[in-house]
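This report describes the fold of one protein chain, with attention to its strands, their pairing and one pocket. The sequence and structure are shown below.

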Amino acid sequence: MTTRRDFLKQAGGAAGIVFCGCAMRDPARAQQAGEARLPVVVNGKRVKTIDVHAHCHFREAIALMGDEGPRVMPQTKGAQEHFIVIAERLKGMDAQAIDLEVLSINPFWYRKDRDTAAAIVKVQNEKLAELSASRPDRFAAFASLALQYPDLAVEQLETAVKKLGLRGAAIGGSVAGEEFADPKFHPVWAKAEELGAVLFIHPQSTPELAKRFRGNGWLSNTIGNPLDTTIALQHLIFEGTLDRFPGLKIIAAHGGGYLPSYAPRSDHACFVSPQNCNADIKLKKKPTEYLNQLYFDSLVFTPEALRHIVAQVGASQIVIGSDHPIPWAEHPVDHIFATTTLSNDEKAAILGGNAARLLGLAV
């Protein structure tokens, strides 16, 4: 078996590779504003801050998309910063008071043929592994998977975790219109459970509603992204997938979409309308109770929103997420400190303790 060290030796280390980057804040301005900077200290104790929601791209992988390549890059601020050298990314992380980023790539290959998807995933996972190994104190990564071919995805996940040292996999909110609860994906979730691999769900809007999302406000993202995550999580709950794979470790981006904000409605659905529920699926818990075994990132913008999600799922289930380099949350650490309802222990856990435990990272 090829080990991670063997792979890196064969790859020749990290030299000569340009990796993903981030948009930087002005360090002097941040310092003047009194915002959190490295090192972060809570109640007199140094805390290692870990951002589980940070993105990148590799030009070599995008080139494999052919004419579709230009559409892969997000049309947002910070898009070009996906392609910068390591030193620039580190400056951005320092300005945000982030010790370590767990990098991921939003799936853009789910509709590609098997060979193309396999080639894209191979390039990305090897480069993510190389980057993580070059600075393990600052980077970790979630693998890419060709989920449209579940048998291939199983192999890719095992290689990513066992040989490349990646921490799990980043997945979309569905696969070309197919829900994760579909039994065809069970082998992938079984492998993730076996490996203890974390699955990071990052949505890609809700394509079925594209017509209604037209108009002002970028609704395909503003509404479409959190909605897509909400639907994905609800299917995993109501179809019994989380009962079938109780050891699955799932992080939901953007605070889990709308689910934590209106979860109790789920507990009443099958009582009010049993004809719309499958009597053969007997859940082991109330739908809301499954939220307490899921993890959610902190990208919910306000202290009140973070207070609410903590009240719903517990501080032990929250991890930092910034969406870096897209400037949704330029002050992710300050956001935690600004939530005054959190105790010092809860702040330390959200800032890095929860992610370190979940991902098996050194603190």
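How many helices and strands are there in the chain? There are 15 helices and 10 strands, where helices (H or I, at least four residues) and strands (E, at least two) are DSSP runs numbered from the N terminus. The model is predicted, so local features need pLDDT of at least 70 and side-chain atom pairs count only at pLDDT 80 or more, whereas totals for chains, interfaces and linings use all residues. Residues are numbered from 1 along each chain as its sequence is written, and side-chain values use heavy atoms, with hydrogens and water left out.

**The chain as a whole**

Of the 363 residues in the chain, 53% are buried; buried means under 20% relative accessible area, exposed over 50%, and partly exposed in between (1.4 Å probe, protein chains only). The exposed area of the chain is about 16,200 Å², and carbon and sulfur atoms supply 53% of it; accessible areas come from the Shrake-Rupley method with a 1.4 Å probe. Among contacts (heavy atoms within 4.5 Å) with a separation of 6 or more, 78% are between residues 24 or more positions apart.

**The open sheet**

Five strands form an open sheet in the order β6-β7-β8-β9-β10, with parallel pairing. Its edge strands, β6 (168-171) and β10 (318-319), each pair on one side only. Two strands pair if DSSP finds at least two bridges between them.

Strand β7 (residues 198-201) is joined to β6 and also to β8 (residues 249-252). In the first of these pairings, A170 has F200 as its bridge partner, and I171 stands opposite I201. F200 also stands opposite I251 in β8. Both faces of β7 are covered: V198 and F200 are buried on one side, as are L199 and I201 on the other. Helix α7 (residues 186-195) completes a right-handed β-α-β unit with β6 and β7; a crossover is right-handed if, with the strands pointing away from the viewer, the path from the first strand over the helix to the second runs clockwise.

**Strand β4 and its neighbours**

Strand β4 (residues 100-104) is largely enclosed by the rest of the structure, because 5 of its 5 residues are buried. L100, V102 and S104 lie on one side and E101 and L103 on the other. Strand β3 (residues 50-55) runs parallel to β4, with I50 and L100 as bridge partners. Strand β5 (residues 139-141) also pairs with β4 in the parallel sense, and here E101 stands opposite F139. β4, helix α5 (residues 114-134) and β5 make a right-handed β-α-β unit.

The bridge counts of the pairings described above are listed here.

| Strand pair | Sense | Bridges |
|---|---|---|
| β6 and β7 | parallel | 4 bridges |
| β7 and β8 | parallel | 4 bridges |
| β3 and β4 | parallel | 4 bridges |
| β4 and β5 | parallel | 3 bridges |

**The second largest pocket**

The second largest pocket holds about 310 Å³ of space. Of the 16 residues that line this pocket, F238, C270, C277, I281 and L283 lie nearest its centre. Helix α12 (residues 266-272) supplies the largest share of the lining, 4 residues. On a 1 Å grid over the protein atoms alone, a pocket is an open set of points where a 1.4 Å probe fits, with protein on both sides within 12 Å along at least five of seven lines, and lining residues have an atom within 4 Å of a point. Its volume is the space filled by probe spheres set on the points.
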